[in-house]
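Student: Could we take a close look at one part of this structure together? I would like to go through a single sheet slowly.

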Amino acid sequence: MFKTATGIKQVFRRIVIEQQASVNPPSQPVGLWKVSVSPHLKSNESVAKIMWTVVACLVPPLIMSVFVFGIQTLIITAVSVISCVVVEAVSQKLLGREITIRDGSAVITGMLIAFIIPPGVSPLLPILAAVMAIYIGKHILGGIGYNFFNPALLGRAFLLASFPVAMTSAWLPPLHDGSIFKYFGTSIDAVSTATPLAVMKEHGFAAFTHAFGSGPDLYLNFFLGFRPGCIGETSGLLILLGGLFLIYKGYTTWHIPVSVLGTIAFLTWVAGGKGLFAGDPLLAVLSGGALLGAFFMANDYVTCPTTKRAQIVYGIGIGALTVLIRLKGGYPEGICYAILLMNPISPVLDGWLKPRRFAPPLGGEK
Amino acid sequence: MPVPDELDLILGQHIGAPCMPTVAKRSEVNEGDVVGDVKKGLGVPLHAPVAGKVKNIGMSGHPMRTSAPSLTISVNHDTASRVYEKEEWESKKAADLLAMVHDAGIIGIGGAGFPTHVKLNPPADTPIDTLVLNGAECEPYITADHRMMVEHSSEIVEGAKILLKILGIGKCIIGIENNKPDAIAAMKTAAEEGSTYQYLISVNALKVKYPQGSEKQLIQAVTGRKVPAFALPSAVGLVVQNVSTARAVYDAVALGKPLSEKVVTISGKGIKRPANLLVKIGTRVRDIVDYLGGLNPGLSKVIMGGPMMGFAVSSLDIPVTKTTSAVLFLTEDEIDTRPHSQCIRCGWCLDACPMGLEPKEIGLYVEANRAEDTEPLGVFECFECGSCAYVCPAKRPLVQFVRLAKMKAKRKA
């Protein structure tokens with residue numbers, strides 16, 4: 001078909017994979033048939049289908065956040081999503097690329113940015129985070145597939161560095177009575193509270209139980225999402241359901257979530273209490289952004305390793321760094337930085353832990 | 001299907017050297033006459049499937065190349081087709097049986113088309129202990145081997161015994177995927193009846209997965225052995241043959257009938273009546289289409305071979321060769337023409353690759369203009385099954401990338 005490799009290359013450059021071959025057999029219907037190389041069948045999956053499924057899995061925690069922190073979480077999320085989509089379109093226009101806002105990846109970034117900021121911040125903050133995440137964190141580096149940091153986490157890290165007070169104090173106490181307009185338009189300073197991890201870090205375990213209770217009620221409240229925290233991180237139940245759905249669909253695997261959460265639980269149990277083996281592993285997993293990070297951010301396709309063995313090492317690394325920051329670092333919660341620190345190591349891990357070949361050649365590798 | 005008026009016998013039917021015609025233009029040939037042979041190099045003779053007259057020695061359409069040297073026979077419909085009597089073969093010597101396999105023009109019918117007599121004569125330093133028969137249909141859509149196993153199970157088993165005698169061994173395992181319970185049942189019965197003290201033939205039901213029809217994957221599924229990269233199955237003591245090849249060996253040895261017809265799956269929504277047809281080698285696709293009532297509107301792609309590894313063609317004037325397993329007529333909704341986008345590093349291709357390669361990396365190298373540096377990534381171990389491109393959510397043409405990488409890496413070496 002092609003005489004030379006240059007011939008093939010030219011066909012490649014044209015990106016037009018399907019060549020139209022004109023055929024006109026007299027006894028047959030006249031028409032154009034497509035000619036291309038195998039395989040001729042493709043699965044029904046697509047990048048857009050994956051992305052929109054993830055978006056769907058993030059909607060229940062978003063709805064829950066409205067009941068826990070009030071209607072302004074919806075406004076923050078909407079601003080964040082719209083600005084991410086707009087920034088994506090503008091970036092792609094500026095860089096002369098195809099505009100792909102319909103694939104849903106910017107929507108995910110927008111939702112995740114909102115999910116990992118406090119519910120009491122100004123709705124203008126996510127706009128800045130969107131510029132940082134989408135333009136600098138994604139498109140400058142080559143667009144989808146080429147960014148080596150998780151864009152949403154990059155946006156949050158940018159906000160944390162630029163607006164440290166708002167980002168570490170605009171926490172709201174959970175609403176237990178469904179009065180979702182309670183905080184709408186009120187001054188945040190009057191109602192703000194502290195997150196469980198911050199209370200534990202700064203005032204110790206006694207203050208923690210005083211503020212959040214203990215026993216089954218504590219775990220139930222944390223599991224359902226009735227605790228101070230970032231907008232989308234509190235509802236462990238719904239995040240877990242969404243994550244399990246993604247695993248069921250085959251869009252992600254257990255390797256990263258299990259290794260991240262397992263490491264956090266194990267290391268907290270070992271070192272997180274008074275003396276060795278006295279920590280509370282369940283509380284560690286239900287606090288902060290551990291579940292959201294493990295199921296929706298650590299396993300981001302682009303920034304995580306691709307081989308299963310590398311994914312486990314990567315997950316353990318994230319878990320270990322998270323616990324290190326929580327227990328010894330300056331911040332009460334560490335999963336954001338833990339993931340960002342592990343992100344650029346992904347290609348290195350992939351290089352070390354390559355997939356196992358079917359069988360090596362006789363006489364060993366060349 | 002009935003014999004059409006003309007047959008195009010492509011002289012290069014398979015891997016190896018093409019045949020040279022041994023008959024002159026306008027000469028009369030009888031059914032089973034040798035019309036082409038290989039003087040030097042790897043190859044087997046080519047036979048006239050029917051009686052007729054050599055109309056032309058020239059070019060005809062070819063599934064992979066646009067055209068190829070061929071021999072056109074105009075069929076003489078007045079001559080009755082030959083009747084083959086069953087002969088006794090058990091007393092013949094192995095070397096004579098091997099010669100009969102060669103003389104009957106038998107090649108691997110599964111698709112690769114490697115001459116069978118060469119496979120049956122492995123190097124002396126690699127002793128063979130087991131024959132594996134491939135009953136795992138190589139690709140989706142194709143059901144030719146399936147029907148063959150249901151309808152001709154005892155011939156396949158007898159063919160297996162001939163193959164065992166040639167190889168001088170006694171053990172044969174037939175691997176069949178468990179989505180064909182009727183084929184498994186038929187082959188089990190035939191294998192029980194056919195097994196003797198000397199020849200033990202068994203059936204191994206396999207989990208359905210693609211690409212199980214691939215030699216190395218089948219061997220692993222059936223015996224647990226792994227054929228090293230770039231090595232032949234004989235390196236682990238095995239010879240693999242397709243079930244249809246075993247049937248052809250039976251025809252050649254027990255009936256004295258050369259390989260001149262084969263079962264081809266005709267399928268897809270683009271053909272009026274899908275079927276498995278026994279067609280003469282050289283039958284043009286156009287004649288098959290006419291026989292099956294024509295094409296449906298909306299036909300978008302015609303493929304010689306399976307949907308994963310077959311070749312899309314642009315004409316119906318292409319003859320069936322000894323390696324044609326299927327002709328598929330696919331409509332727009334059966335194929336995927338969505339444009340490809342950037343790799344999102346989801347890693348699905350890594351999980352899909354049966355050889356444990358990293359197709360995404362090969363694709364990224366090719367896109368970065370470094371196709372020639374892909375040898376360490378194992379491009380030459382890839383047999384282009386298409387699994388990676390099938391699962392890719394970004395619809396990336398990974399098989400094309402691999403082919404380009406192979407070409408450039410070869411040139412660099």
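Student: How many bridges join strand β8 of chain B to strand β9 of chain B, and do the two run parallel or antiparallel?

Tutor: Happy to help! This is a predicted model, in which local features need pLDDT of at least 70, side-chain atom pairs count only at pLDDT 80 or more, and totals for chains, interfaces and linings use all residues. Residues are numbered from 1 along each chain as its sequence is written, while chains are lettered from A and ligands numbered from 1 in the order in which they are written.

Now to your strands: β8(B), residues 130-135, and β9(B), residues 171-177, run parallel and are joined by 6 bridges. Helices (H or I, at least four residues) and strands (E, at least two) are DSSP runs, numbered from the N terminus, and two strands pair if DSSP finds at least two bridges between them. As one example, Thr130(B) has Lys171(B) as its bridge partner in β9(B).

These strands belong to an open sheet of 4 strands with parallel pairing, in the order β10-β9-β8-β11 of chain B. At the edges lie β10 (200-206) and β11 (238-242) of chain B, each pairing on one side only. On average, neighbouring strands of this sheet are turned by 25° against each other, direction ignored.

Helices pack on the sheet too. Helix α4(B), residues 153-167, touches β8, β9, β10 and β11 of chain B, and its direction makes about 150° with that of β8(B). Helix α7(B), residues 243-255, touches β8, β9 and β11 of chain B, at about 85° to the direction of β11(B). Axes here are lines fitted to C-alpha atoms, for helices over the stretch in contact (C-beta atoms, placed from the backbone, within 7 Å), and angles run from 0 to 180 degrees between N-to-C directions.

Key
Contact = placed C-beta atoms within 7 Å.
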